[in-house]
Amino acid sequence: MMQKRMMTVAAGAVLALGLSACSGGTTSTTPTAAGGTADAANAAVTKVLRPSTTKGGTLRFGMPGDWDSVDPGDTYYGLSWNFLRNYARTLTVFKSTAGAPVVVPDLAEALGVPSDNATTWTYKLRDGLKFEDGSPITSADVKYGVARQLDKDTFPNGPTYFNDFLKDVPKGYSVYKDKNLADLKSIETPDAKTIIFHLKSSFAGFDFFAQLPATAPVPVAKDTGAKYKEHVVSSGPYMFDTVSLGKKYTLKRNPNYDPKTDPESGRLALPDNISVELGLNAPDVDNRLIAGDLDVDINGSGVQAATQGKILADATLKTKTDNANSARTWFSVLNTDVPPLNNVDCRKAVLLAYDKTGYQRAYGGAIGGDIATSLMPPMVPGYKSFDLYEAKTKPTGDVTAAKAELAKCGQPNGFATNISYRAERPKEKATAESLQQSLAKIGVTLTIKPYPTGDYFKLYAGKPDFAKTNKLGIMVYGWGADWPDGFGFLSQIVDSRVIRPAGNTNLGIKIPAVDAQIDKALATTDITARNAIWGNIDQMVNENASVVLGVWTKGLFYRPDNLTNVFINPAFGQYDYAAIGTSKK
Amino acid sequence: MAPPEAVLKGPGKIEGRSLGQIALMRLRRDKVAMTGGGVVIFLILSALFAPLIVGVLGHPPNEFHQELINADTQVPFKPWGGVSPSFLFGIEPVNGRDLFSRVLYGAQISLLIATLATMISVGIGTVLGVTAGYFGGRVDSFISRLMDIFLAFPLLVFALALAGVIPDHAFGLSGDSLKIGVIIFIIGFFNWPYIGRIIRGQTLSLREREFVDAARSLGARHPYILFKELLPNLLAPILVYSTLLIPSNILFEAALSYLGVGVQPPRATWGGMLSDATQWYQVDPEFILPAGLAIFVTVLAFNLFGDGLRDALDPRSR
Amino acid sequence: MPTTVLTYIVRRLIGAVILLFIVSAVVFSIFFLIPRAAGASADDLASRYVGKSAGVEQIHQTAVKLGFTDPIYVQYGRFAKGIVVGQDYNYGPAVEHCPAPCLGYSFITQNPVLPDLLDRLPVTLSLAAGAAVLWLVGGVSIGVISALKRGSALDRASMSVALAGVSLPIFFTGLLTLSIFSYGLGWTAPGGANPMDATSPLDWAYRMILPWITLAFLFAAAYARLTRAGMLETMNEDYIRTARAKGLRERDVVVKHGLRAALTPILTIFGLDLGLLLGGAILTETTFSLPGLGQYAVQAINNNDLPKVLGVTLLGAVFIIMANLIVDLLYAVVDPRVRTK
């Protein structure tokens, strides 16, 4: 499952983190002890539930499947970026706080200092930073961390922001071929505490780049390339104890982590040990959560559909849930390489005809999310409200209007094409079946084609040649913002220039006018104006009938009673994994 | 002493009964087996006439009825999985499809695949089994080794891996038909040693019997002996073991579709329906029943009939 | 006489090894040919293991490096050699050594396959062993009793249940027992509990009891039928009548003479069934979410990770062939006629 980072920007409320929660909760060592915040549905969405500073216990995470990698240079999952704050510190980091997301300095002592019209960014590291073995963390280690992940052959999974924005990176650069770090002039380390980034063009939001896992320091001597994930050297409060790839990770406290060097991030490091079990069955994760056998579903997208039904029907269980928004939209891409979807009227027919409520039901009804009318959900700055295809007025679809569009595009009796989805995702299967049923009403026949999740982007839907040859007219998809703004949400999915031969995040949106607007947005320094441009871009994409919109995601999360200090971190749209604790010993 | 019946009946013919007729009589007397046979016929007819039956008693198998599903819990509003006069077996969670019609259409696939696969197995198995048993020597050794190799494969893994990479077009078929064809081939092709062993054994014992010797001494050539002497005597075990192979193939096909191999959604298969039911057993356990019971009843019926057939043809094993 | 036994054993062992090589060659060829039959070229295969921005030339180089462009016999030869002496894989910044016996190397997880298999074997072993004990003891006893009390109500009832048992698929019975006993009554562990994480033998049994019983029921049904049929045949033999006439106690007649003869074919089948089960109880493990070899195989197939599939299939073949061999050897020890064939 390839989730992208999830951000939430709640309108307004910011809560001070820490002991003094507004309900006056005291630290508790037993679940539901008197004085702790009472269980209630959505109690942890914008506030901290059962705040605590009590250390101890083992926090048990579980996950259906696996994520790409624990190597900070090779991962693109929101859950991973959330979790790695336990074993890696980056230049800046999203603070562990409820309410609104905020980037704070982590390894750096302050946020970045721009110069040269925001094409140069300088950071100074704090004192006393150490790796797990006691060796000091220097700017060279941070540079190395960024430099090594530029090699996308060794590390194919992570984002490519540094590749795209750093100035003068030699073509095919790899620290494994060119051992001389000084050859990478885009990053300077004049002394052990200073690091300077040089960009190709201005980018005012560089602090967002600085919180990417890529800036986690990696000691050169211990780097084993693609094998580094077997023992990542920690710069955070925990270090890896045992690593059984695909099965289990266990982490223990890092004796060389000094909390005094980490005053702003909000990390609490409450548990003594952390364990992560992988490859579990999705329904079993939920069952074990409810049974008290697991503490957190690290997947962070909520419970399964069946569990949702069970929980909502039970009053007690319902109080232990949080239905949280996240900056993620489930949608499908219409492939303009596959006729007759190259004709905009044929695409509009599809968009008018499909059952919006059916798409919503595939994701669990209202609990699963709100029917989307744009790509960006309302919480992302730049969101623009429009409804081009009658989602509000005719949510089950408008057959008449659709048929009119079909006539316009020369296919009055409909046409046939294929729809692809990730085989291991029952909600995507339900989406495909729903679209198949509703589009059949206008004569559009869809043949359903599941593909393995692991290779979906490398070999199938994300490979334009394959998609075209196999007539994948509709590709079920979804996307969450890398960070909360228009660039963070849209750049990787609507910019035609990020399309590669394989492994794509943009599955086929190619609109030259949109590309031009994106460039304009990057150059616009005024935030309001910039956000407005992104809103327009969203509208243009929809006017071009490029996407079948599904839902703006909400997840139904379950939190067992023994979790302390639990809250949704709006930066990830999941429970915060770096501040959470357990009262079980 | 009372006169024998034949005399009492007067000038009628005293007929000896053939083995087949005796077997048939025994079979008819076996009520359990006849019930099984009756159910089998009923199921085959239901599958054949599925479109008609569904037209009258049900709804199209892929049609959504989401108005009958609770949007929040994703399960049917009505209890017992949404059973009602209009939806005899209830409806599926999330989309509300009619389970009665899906079970019937699933029967088509299960029976089709199982029967055709059995025919392939029996075909290959008989040919190779007879050849091995009759010609003996090196031929027998070779074929027996072949059987060993086939039996040494972990069949399910193999079938899964093979079925997972079926291309879209091949051998003049495409889409679901191609997938069904490949599954039939895989099941049939890998199951032949089961029949092959038995036929080989039977051939070995038949070969030594007098009538074969007699035929040979009369100058009969191999083809004659094979087709006119051996094969008729092999028909009985072939029939019995085919009937017993079909239920095992039904289970195999269900296993494959349970694991996600074979025809694609939204086509209904019994195994696929059970696989879907896995995530819902806590909130809609009734969803497990239609497909599961369908498999059970079908396989049981075939087993009952097959057992009865075997007993009728060879009463010692009763 | 000992030398004949020895020769027989040696002959069978050699036969088993040869069979293993043949099976491995066939399996390898099929898994080699499958993606090509689906239209993939060596470069297509290699493209799964390179980065997003890799160019055509890079992909081709990776294909060469990983050996995908070599003809099938070369690739098989390398694989076979790997089983004996281990193999090195050079795929980029590092050279990975896969120690002997190297049953394959997954390029997706970048780890040799054998450690994964050994890791998951105990789970499958737990499942198979526990269920085997239950079904052998249960199935055979019921079969014997039914045979002895032939025609009685007990006989008819148990044979009906047995017939039902062989007509049920485990993924149906498993779901039913899970929803009734695990979820409904809470008597047994929820699905997905790893038996190897058990804190005590009792906990281990608690986690496994439902899969054991559900799996054993299916086999026990078959074995009950088989045993009953076998017993009926043996009990009709002349030597049983002689034994009774000799005045032996009925129990001795049944157990020492009748059962022993009837058991031989049962044990043959038992060996084969156990071998098959060890190769991966795919359906049971999927239904109960047990992290054993079967689940590993399904995940590998779903991920198109062919080296893993190859490894698991070969391991399964090893178990089946071994089981065959052991059964044959036991036969040879017991029955002298077999050796002289």
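In this predicted model, the contact between chains B and C draws on 34 residues from chain B and 38 residues from chain C. On the chain B side, at least two residues apiece come from α7 (137-151), α8 (155-163), α12, α13 (270-277) and α14 (289-313). The chemistry of that side breaks down as 27 nonpolar, 6 polar and 1 charged residues.

Looking at chain B on its own, there are 14 helices and 2 strands. Out of its 318 residues, 47% come out as buried. As for sequence separation, take the contacts in chain B between residues at least 6 apart: 74% of them link residues at least 24 apart.

One helix pair is worth walking through, since α12 of chain B, already met at the contact with chain C, also packs on α6 of chain B. Helix α6(B) spans residues 99-135 and α12(B) spans residues 222-258; their axes sit 8 Å apart, at an angle of about 140 degrees. Because of that angle, α6(B) counts as oblique to α12(B). The handedness of the α6(B)/α12(B) crossing is right-handed.

Down at residue level, α6(B) brings Ser110(B), Ile113(B), Ala114(B), Thr115(B), Ala117(B), Thr118(B), Ser121(B), Val122(B), Thr126(B), Val130(B) and Tyr134(B) to the meeting. Across from them, α12(B) offers Leu226(B), Leu230(B), Ile238(B), Ser242(B), Leu245(B), Ile246(B), Asn249(B), Ile250(B), Glu253(B) and Ala254(B). Sorted by class, this helix-helix contact holds 13 nonpolar, 7 polar and 1 charged residues.

Terms used
Residues are numbered from 1 along each chain as its sequence is written. Chains are lettered from A and ligands numbered from 1 in the order in which they are written. This is a predicted model: local features need pLDDT of at least 70, side-chain atom pairs count only at pLDDT 80 or more; totals for chains, interfaces and linings use all residues. Axes are lines fitted to C-alpha atoms, for helices over the stretch in contact, and angles run from 0 to 180 degrees between N-to-C directions. Helices (H or I, at least four residues) and strands (E, at least two) are DSSP runs, numbered from the N terminus. Angles under 35 degrees count as roughly parallel, over 145 as roughly antiparallel, 65 to 115 as roughly perpendicular and the rest as oblique. A crossing is left-handed if the near helix is turned anticlockwise from the far one by less than a right angle, and right-handed if clockwise. Two residues are in contact if their C-beta atoms, placed from the backbone, lie within 7 Å. Ala, Val, Leu, Ile, Met, Phe, Trp, Tyr, Cys and Pro count as nonpolar, Asp, Glu, Lys and Arg as charged, and the others, Gly among them, as polar. A residue is buried if 20 or more other C-beta atoms lie within 10 Å of its own, exposed if 12 or fewer, and partly exposed in between; C-beta atoms are placed from the backbone.
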